[in-house]
Amino acid sequence: MVLVSTDYIAGKDLAMLGLVKGSTVQCKNFGRDIGAGFKNLVGGELKAYTQMMDEAREIATKRMIDEAEAMGADAVVNLRYATSAIIQGAAEVIVYGTAVRYV
């Protein structure tokens, strides 16, 4: 599956199939909270949270690809990611784009 943030794929004519998306909600755990609290005191990257968000993007992307494949898509164009806080300690990652087929 080709994933691009542009609205075209060079050298390809595209037929639009529709919007596809994938999302997940991830929450931090107690162990990560303790480590993050200490990191707040000294500064620096919260690596456990970075890893959590990377995993969330992978899950959301996989779900979007599954939806696109079910529509018979060859690619997803105009790919975008967004995040939002759901409740304290939990964040949603959503990825969306337009499923297309090569013509």
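This is a short talk on how the sheet, one helix and the core of this structure fit together.

Keep in mind that we are looking at a predicted model.

Let's start with the sheet. It is open, and it has 4 strands. Read across it, and the order is 1-3-4-2. The pairing is mixed. Who sits at the edges? Strand 1, residues 2–3, and strand 2 are the edge strands. Each of these pairs on one side only.

A quick reminder on sheets in general. Strands pair through backbone hydrogen bonds, and the pairing is either parallel or antiparallel.

Now take strand 4. That is residues 90–102. Which way does strand 2 pair with it? Antiparallel, with strand 2 covering residues 14–27. There are 13 bridges between the two. To find your place, look for Met16: it stands opposite Val100 in strand 4.

Strand 4 has another partner, strand 3, residues 75–87. This pairing is antiparallel too, over 10 bridges. Two pairs to find on screen: Tyr81 stands opposite Val95, and Ala82 stands opposite Ile94. Side chains in a regular strand alternate between the two faces of the sheet.

How do strand 3 and strand 4 connect? They form a hairpin, with 2 residues between them. Look at Gly89 in that turn. Its phi is positive, about 90 degrees.

Next, the helix. Helix 2 spans residues 47–70. It lies across strands 1, 2, 3 and 4. Against strand 2, it runs at about 145 degrees.

On to the core. The largest nonpolar core has 16 residues. Val20, Met64, Ala68 and Val76 have the most contacts inside it. Helix 2, strand 3 and strand 4 each give two or more residues to this core. Which element gives the largest share? Helix 2, with 8 residues. Apart from this core lies another one, of 5 residues. Val4, Ala75, Val77 and Val100 are among them.

Zoom in on Met64. Leave aside its neighbours within four places in sequence. Its contacts then include Leu3, Val20, Val76, Leu79 and Val95. Lys21 and Gly22 are also among them.

Last stop, Ile65, in helix 2. Is Ile65 buried or exposed? Its relative accessibility is 17%, so Ile65 counts as buried, since the cut-off is under 20%. Beyond residues up to four places away in sequence, Ile65 touches Met1 and Leu3. Now compare Ile65 with Val20. In sequence, they are 45 residues apart. In space, C-alpha to C-alpha, they are 8.0 Å apart.

That's the tour. Thanks, everyone.

Conventions:
Residues are numbered from 1 along each chain as its sequence is written. This is a predicted model: local features need pLDDT of at least 70, side-chain atom pairs count only at pLDDT 80 or more; totals for chains, interfaces and linings use all residues. Side-chain values use heavy atoms; hydrogens and water are left out. Two strands pair if DSSP finds at least two bridges between them. Contact means heavy atoms within 4.5 Å. Axes are lines fitted to C-alpha atoms, for helices over the stretch in contact, and angles run from 0 to 180 degrees between N-to-C directions. A nonpolar core is a set of buried Ala, Val, Leu, Ile, Met, Phe, Trp, Tyr and Cys residues joined through side-chain atoms within 4.5 Å. Buried means under 20% relative accessible area, exposed over 50%, partly exposed in between (1.4 Å probe, protein chains only).
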